[in-house]
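Here is a friendly walk through one protein chain. Keep the viewer open while you read.

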Amino acid sequence: MVGNRDFLAGDDFLRRSGMTGLSDPVAQARAFRELGAKTVIITCGADGLICADESGIVHAGRFEMEFVDGTGSGDAFAAGYIAGLLDG
């Protein structure tokens, strides 16, 4: 399922699913890379995200703002990420 994917993105559900047997998102990102995924992004809610690719692993925080409703936040993140990839 993971091998030879250019991009693997997941969220808290993926982190809790037990796919890797690991609970730490950095360790999970490494494990998915070892399984063949080229770029792994794991969103961590209020803790930001973890991104792992051939250049290493980065933890990115989040912007401070009032939380109103998280509905659609994952979709909005994915759309922004894809738009950034397309823009280069």
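Which residue follows α3, and is its phi positive or negative? The residue after α3 is Gly-88, and its phi is positive, near 85°. Please keep in mind throughout that this is a predicted model.

**Helix α3**

The helix itself covers residues 73-87. With 15 residues at 1.5 Å each, α3 should span 21 Å, and its end C-alpha atoms do lie 21 Å apart, so the expected and modelled spans agree.

**Confidence**

How far can you trust the coordinates? The chain has an average pLDDT of 85, and 85% of its residues reach at least 70. Among the elements, strand β4 (residues 56-60) has the highest mean pLDDT, 96, while helix α1 (residues 12-16) has the lowest, 62. Where pLDDT is low, the predicted coordinates should not be read in detail.

**Core and strands**

Which residues make up the largest nonpolar core? That core has nine residues: Leu-8, Ala-29, Phe-32, Ala-37, Val-40, Ile-42, Cys-44, Ile-50 and Ala-52. Two or more of these residues come from each of α2 (25-34), β2 (39-43) and β3 (49-53).

Ala-52 is a good place to step from the core to the strand pairing, as its bridge partner in β4 is Ile-57. Strands β3 and β4 run antiparallel and are joined by five bridges. The connection from β3 to β4 is a hairpin of two residues.

**Side chains toward the solvent**

Now for a few residues outside that core. Met-19 sits in the loop between α1 and α2. Its C-alpha atom is separated by 9.7 Å from that of Ala-31, a residue 12 places away along the chain.

How many salt bridges does the count give? The count comes to one. This salt bridge brings together the side chains of Glu-64 and Arg-62, at 3.8 Å from N to O. Side chains of opposite charge can pair when their charged atoms come close.

The table gives the relative accessibility of both partners, along with that of Met-19.

| Residue | Relative accessibility | Class |
|---|---|---|
| Met-19 | 40% | partly exposed |
| Arg-62 | 43% | partly exposed |
| Glu-64 | 67% | exposed |

Why do the two salt-bridge partners fall into separate classes? Glu-64 counts as exposed because its 67% is over 50%. Arg-62, with 43%, counts as partly exposed because that value lies between 20% and 50%.

Notes: Residues are numbered from 1 along each chain as its sequence is written. This is a predicted model: local features need pLDDT of at least 70, side-chain atom pairs count only at pLDDT 80 or more; totals for chains, interfaces and linings use all residues. Side-chain values use heavy atoms; hydrogens and water are left out. pLDDT is the predictor's confidence in each residue, from 0 to 100. Helices (H or I, at least four residues) and strands (E, at least two) are DSSP runs, numbered from the N terminus. A nonpolar core is a set of buried Ala, Val, Leu, Ile, Met, Phe, Trp, Tyr and Cys residues joined through side-chain atoms within 4.5 Å. Buried means under 20% relative accessible area, exposed over 50%, partly exposed in between (1.4 Å probe, protein chains only). The expected span of a helix is 1.5 Å times one less than its number of residues. Two strands pair if DSSP finds at least two bridges between them. A salt bridge is a side-chain nitrogen of Lys or Arg within 4 Å of a carboxyl oxygen of Asp or Glu.
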